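Me: Could you take me through one part of this protein up close? I'd like to hear about the empty space inside and what sits around it.

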Amino acid sequence: MTQSSDTSVLPQFSQLTIQGEDAEKFLQGQLTCDVTKLGLSYQAAAIGNLKGRIEFGIWIKKQAEKHYDVVISSDCAASLQAHLNKYGAFSKFETSVPTAIYPCVLADAPTFSHKDDHNTAADTEAWMTCSIATGNYWIVAATQAEFQPQELRLHQRGGMDYDKGCYLGQEVIARIYFKSAPKAFLHYVQGTGAAPVAGDKLDKIQVVNTMKTDDGFIALVVARPEQLAESTLSILDLPAALQVDVARPK
């Protein structure tokens, strides 16, 4: 299965730097992950809204003490900056202007780089292919506030912490985790025909991310298993850690 290049639909990403005396405390009250456990590797995480849905899908790392780097889809960067300025108005930290950062694959894993050598369509396509195959979804403007973190298996990727205390949307997210479970959740699929775009619906199947191939497309979708069984899509294997039940272990 080979990918068909279309630079007009390749995703673009931006990085914002958050640093200052209150940076950790502020982010701890915003993000789904435990900020105190972050290191130098990018961790997928989210900032939710009051309905428990992902408003901003991000990757974050702790670059240095009181210094965090956040990567987000470029079409969401301005709204994230506005969100940080609004909720952090009385906290002591500074947020940088968004700057371009390039998706690439290093050591067989999707990541990001500032090197101009990685600012190529081939690098971005490799990142998309690897990301879709490994469940490394990316939220764009069209899919903001569409999905709950558990639906996207974020808890199975270390991007959620249920013991860290309150954050935006925490009450709803925790209630779903402890008292129920999403009926629809993330799958890796292959289809034929024209590739849908993020935010599209294939009947009741919601498209998270997609990539055109020579004979159709591959995609990350949120769906109930029975909906996929009734569709023409072929289900492909996600990594083993993302194939377990999305419900809380009993």
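Reply: Let's start with strand S3, since the largest share of the lining of the largest cavity, three residues, comes from S3. Keep in mind that this is a predicted model. Rolling a probe the size of a water molecule over the atoms shows where empty space is left. Here, that turns up one cavity of 30 Å³ or more, and the largest cavity holds about 40 Å³ of space.

Who's around it? The lining is made up of Ala44, Ala45, Gly57, Ile58, Trp59, Asn136, Tyr137, Trp138, Leu154 and Arg157. Strand S2 (43-48) and S3 are the elements that give two or more residues to this lining. Sorted by character, the lining has seven nonpolar residues, two polar and one charged.

Now zoom in on Trp59, one of the lining residues. Trp59 has 6% relative accessibility, so it counts as buried (the cut-off is under 20%). The structure holds twelve aromatic pairs, and Trp59 is in one of them with Phe13: the ring centres are 5.8 Å apart and the planes sit at 80°, so this pair is edge-to-face. Phe13 lies in strand S1 (residues 13-19) and Trp59 in strand S3 (residues 54-64), so the pair ties together parts that are 46 residues apart in sequence. Phe13 counts as buried too, at 2% relative accessibility.

And the ring story carries on past that pair: ring pairs link Phe13, Tyr42, Trp59, Phe112, Trp127 and Trp138 into a cluster. Trp138, like Trp59, also turns up in the cavity lining.

How values were computed: Residues are numbered from 1 along each chain as its sequence is written. This is a predicted model: local features need pLDDT of at least 70, side-chain atom pairs count only at pLDDT 80 or more; totals for chains, interfaces and linings use all residues. Side-chain values use heavy atoms; hydrogens and water are left out. Rings of Phe, Tyr and Trp (its six-membered ring) pair if their centres lie within 6.5 Å; planes under 30 degrees apart count as stacked, over 60 as edge-to-face and the rest as tilted. Helices (H or I, at least four residues) and strands (E, at least two) are DSSP runs, numbered from the N terminus. Buried means under 20% relative accessible area, exposed over 50%, partly exposed in between (1.4 Å probe, protein chains only). On a 1 Å grid over the protein atoms alone, a cavity is a set of points where a 1.4 Å probe fits but cannot get out, and a pocket is an open set with protein on both sides within 12 Å along at least five of seven lines; lining residues have an atom within 4 Å of a point. Grid points are joined across faces, edges and corners, and a volume is the space filled by probe spheres set on the points. Ala, Val, Leu, Ile, Met, Phe, Trp, Tyr, Cys and Pro count as nonpolar, Asp, Glu, Lys and Arg as charged, and the others, Gly among them, as polar.
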